[in-house]
Amino acid sequence: MMSKNKKHLTKAFGATVSDDQNSMTAGVRGPVLIQDVHLLEKLGHFDRERIPERVVHAKGAGAHGYFEVTADVTKYTMADFLSKPGKKTDVFVRFSTVGGEKGSADAERDPRGFAIKFYTEDGNYDLVGNNTPVFFIRDPLKFPDFIHTQKRHPATNLKDPDMFWDFLSLTPESLHQVIILFSDRGTPATFRNMNGYSSHTYKWYNKKGEYFWVQYHFKTDQKIKNFTRDEADAMKSKDPDHATRDLYESIEKGDFPSWTLEMQVMTPEQAKNYRFDILDITKVWPHGDFPPIKVGKLVLNRNPQNYFAEVEQSAFSPSNFVPGIGPSPDKMLQGRLFSYHDTHIHRLGPNYHLIPVNAPRNAPEMNYQRDGFMRVDANGAGGPNYWPNSFGGPAPDKNLKEPPLKIEGDADRFTYQHPNDDFIQPGDLYRKAMTDYDRTNLVGNIAGHLGKTQKRIQLRQTALFYKADKDLGRRVAEELKLDVKQVEKLAAMSQDERAAATEK
Ligand code: NDP
C-alpha cells in the first residue's frame with residue numbers, strides 16, 4: 001500500500017500497478033508470462049493508439065475561443081447565437097492543409113481548411129470552410145477523383161504532377177481555384193494570416209419566414225501575409241510544423257488571433273437574374289455587386305490541453321445547422337452534407353457526438369437514437385426509445401419550420417449551362433485584384449510545378465490560362481518554353497476538341 005496522498009499508477013480499470021519497468025518472466029532469464037496482464041494491457045492499448053487518418057485535411061491545428069456579434073442581423077436570420085450585438089458564443093476552430101498526411105509540412109502549397117464549431121444554445125453549428133472563396137469542382141461526383149490526383153500515385157506512392165495537372169486541365173471549372181492556389185495565397189505565412197470563407201452559398205431565414213442567400217468571409221485582423229515559393233520551401237525543411245507552432249505559441253503568450261466576419265447577402269429575387277450562378281462554388285459574388293457587411297468577431301484565446309482529445313477527435317460537418325440557417329442547393333454542399341458525417345462515423349464511430357469537443361455543450365441531445373459503439377452517456381436511461389410516445393419524451397417543435405424552396409424541372413443529370421463563365425472570374429482576379437508582384441509570382445509558381453508534367457498536359461493547362469487572360473497564358477507559355485501559337489490554337493478549341501488533341 002502506498003500513502004493515500006501519493007498518485008498511484010493504475011491499470012485501465014483502476015487497480016494499482018506495483019512495477020512498470022520489469023516484465024514478469026519465468027525465472028531471471030526465462031520467457032515472459034501471459035499472466036503479466038499489465039504488460040498485455042499496455043501493449044494492447046498502444047497497438048490501437050492510432051485512429052484512421054482523415055482522408056483529407058489530415059494535418060491540422062486547433063484552438064478554442066468565442067464569436068461575438070457586432071451588428072443587428074435579425075432581419076436576415078432567426079439564429080439565436082446571432083440575435084443581438086454583444087452576444088458571445090463559444091467556438092472551437094481547426095485549421096488544416098488538405099492533401100498531405102498527418103506528418104506533412106504546414107508550408108505546402110494547398111488550400112487551408114478553416115472549420116468553426118459554434119456551441120450555440122440551439123445546438124452546434126458547424127461552418128466548414130477554406131481560406132479560399134471558391135473550390136476546384138462544382139459537382140460532388142468528381143470529388144474522390146479530384147482528391148486521388150492530389151494524393152500519391154498508385155504505383156510509385158509519390159506525389160505526381162502528371163496526375164495533378166492532367167485532371168485539372170481536363171476540368172476547366174477548377175481554373176479559378178487553381179489561380180488562387182498558385183498565387184502566394186496558396187502558401188499563407190501562418191494560419192493567423194489568412195482569411196476564412198464559407199465558399200458555398202448558404203441560406204439565412206428570419207422569423208417571418210423570409211430567406212436570403214449568404215456567403216461568409218472571415219477577414220484576418222492580423223493582415224494577409226504569404227510566403228513566396230522560396231520562403232515556403234525553406235520553411236518546409238526548417239520547421240514542418242511552423243503554422244501549428246505559431247498558433248499555439250501566439251495564444252500561449254496572450255496574442256489572441258481574431259477575424260472580422262463580413263457577410264454578403266442576396267435576396268432570392270436578386271439571385272434569379274444575377275449574372276453568375278450563385279449555386280456554383282467556383283464563383284464569387286463580386287464585392288462591387290454585393291458589398292460585404294460587418295457582422296461579428298471571432299477570437300481564439302485558449303489552446304487545447306490535449307491534442308488527440310480536442311483536435312484529432314474534433315469532427316465538423318456542414319450538415320450541423322441551427323434554426324435560422326440552412327443549406328443552399330449548391331451541388332458540392334449537398335454532397336458534403338452526406339459525406340462529412342459519414343466519414344466521421346467511419347473515423348470515430350456512430351457516437352462521435354458524445355466526444356466532449358464535439359458534444360452540443362449548450363443544448364443537450366434529446367432524441368431516440370440509442371446504443372452503438374462507445375455510447376458512454378446514460379443512453380436515454382429508462383426513458384422511451386421511440387416516437388411518438390405518450391410518456392413525455394422529447395417532441396419536435398413545429399414552430400421551427402424552415403421556409404420552403406421552390407423547385408422545378410426534371411430529375412436528370414444536367415451538364416453545366418454556362419461553361420464560358422469559367423474563365424471570367426479567374427481573368428478578373430489576374431487583371432483586377434492582383435498587383436504586378438502577385439502576377440509575377442503566380443507565373444513563377446505555376447511554371448515551377450506545371451513544368452514537371454508531360455508537354456501535352458502543359459499545353460492543355462496553359463491554354464486554359466490563356467482563355468482566362470491572354471497575358472497570363474503567354475507568360476506561362478514563355479516560362480515553360482511552349483509554342484505560344486500552339487497554346488492559342490488549343491485555347492480556341494472546345495473542351496472536348498482540346499482533350500482529344502492532347503490525348504496520349
Ligand atoms: P474586388 O476588387 O472587390 O475584390 C478583390 C478581392 O480579391 C480582394 O478583396 C481580396 O479578397 C481578393 N484578392 C486580392 N488579391 C488576391 C490574390 N492574390 N488571390 C486571391 N484573392 C485575392 O473584386 P471582386 O469582388 O470583383 O473580385 C475580383 C476577383 O477577386 C474575383 O474574381 C475573385 O477571384 C477574387 N476574390 C473575390 C472575392 C469576393 O468574395 N468577391 C473574395 C476573394 C477573392 P479578400 O478581401 O477576401 O482578401
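**Loops, pockets and a buried helix**

Lys 223 sits in the loop between E7 and H5. In this predicted model, Lys 223 has a positive phi of about 75°, even though it isn't a glycine. That's worth a second look, since most residues other than glycine have a negative phi. Is Lys 223 buried or exposed? With a relative accessibility of 63%, Lys 223 counts as exposed because the cut-off for that label is over 50%.

Next comes Ile 224, which belongs to the loop between E7 and helix H5 (229-238). Ile 224 has a relative accessibility of 36%, so it counts as partly exposed. Setting aside residues up to four places away in sequence, Ile 224 touches Arg 185, Asn 193, Met 194 and Asn 195. Gly 44 is another matter: 180 residues separate Ile 224 from Gly 44 in sequence, and their C-alpha atoms are 46 Å apart in space.

Two other spots have backbone geometry to look at. His 57, found in the loop between helix H1 (37-47) and strand E1 (60-69), also has a positive phi, about 60°, without being a glycine. At 15% relative accessibility, though, His 57 counts as buried. Then there's Pro 388, in the loop between H9 and H10. A cis peptide bond with an omega of about 0° links Trp 387 to Pro 388.

Now for the overall picture. The protein has 15 helices and 10 strands. Its radius of gyration is 26 Å, close to the 23 Å that the globule rule gives for 504 residues, so the protein is as compact as a globular protein of that length. Measured out along the principal axes would be one way to put it, but simply: the C-alpha trace spans about 85 × 70 × 45 Å. Of the 504 residues, 48% count as buried. The protein exposes about 26200 Å², with carbon and sulfur atoms supplying 54% of that area. As for contacts with a separation of 6 or more, 71% come from residues 24 or more positions apart.

Helix H4 (residues 175-182) shows what being buried looks like, and Ile 179 is part of it. Ile 179 has a relative accessible area of 0%, so it's buried. Which residues does Ile 179 contact, leaving aside neighbours within four places in sequence? They are Pro 426, Leu 429, Met 434, Leu 442, Phe 465 and Leu 472. With Leu 442, the C-alpha atoms are separated by 7.5 Å, although the two residues are 263 residues apart along the chain. Ile 179 has plenty of company in H4: Leu 175, His 176, Gln 177, Val 178, Ile 180, Leu 181 and Phe 182 are buried too. Eight of the eight residues of H4 are buried, so the helix is largely enclosed by the rest of the structure. The buried residues of H4 pack against helix H3 (161-169), helix H10 (424-433), helix H11 (436-450), helix H12 (455-468) and helix H13 (470-479).

What about empty space? Rolling a probe the size of a water molecule over the atoms shows where it is left. The largest pocket has a volume of about 1600 Å³. Strand E7 (211-220), helix H7 (268-272) and helix H9 (331-348) are the elements that give two or more residues to its lining. Which element gives the largest share of that lining? H7 does, with four residues. In total 34 residues line the pocket, and Asp 277, Leu 279, Pro 329, Ile 407 and Glu 408 lie nearest its centre. Sorted by class, the lining has 14 nonpolar, five polar and 15 charged residues.

There are also two cavities of 30 Å³ or more. The largest cavity holds about 60 Å³ of space. Ile 224 turns up again here, lining the largest cavity together with Asn 131, Thr 132, Arg 185, Pro 188, Asn 193, Met 194, Asn 195 and Asn 226. This lining has three nonpolar, five polar and one charged residues. The second largest cavity has a volume of about 40 Å³, and its lining is made up of Phe 114, Ile 116, Leu 127, Gly 129, Gly 196, Tyr 197, Ser 198 and Phe 218. Strand E3 (112-120), strand E4 (123-130) and strand E5 (196-197) each supply at least two of these residues. By class, the lining of the second largest cavity has five nonpolar, three polar and no charged residues.

Note on methods: Residues numbered from 1 in each chain as written. Predicted model: local features only at pLDDT ≥ 70, side-chain atom pairs only at ≥ 80, totals over all residues. Heavy atoms only, no water. 1 Å grid on protein atoms, 1.4 Å probe; cavity = no way out; pocket = protein on both sides within 12 Å on 5 of 7 lines; lining within 4 Å. Points joined across faces, edges and corners; volume = space filled by probe spheres on them. Nonpolar A, V, L, I, M, F, W, Y, C, P; charged D, E, K, R; others polar. Rg over C-alpha atoms; globule rule 2.2 N^0.38 Å. Buried < 20%, exposed > 50% of the residue type's maximum accessible area, 1.4 Å probe, protein only. Contact = heavy atoms within 4.5 Å. Areas by Shrake-Rupley, 256 points an atom, 1.4 Å probe, with all protein chains shown as cover.
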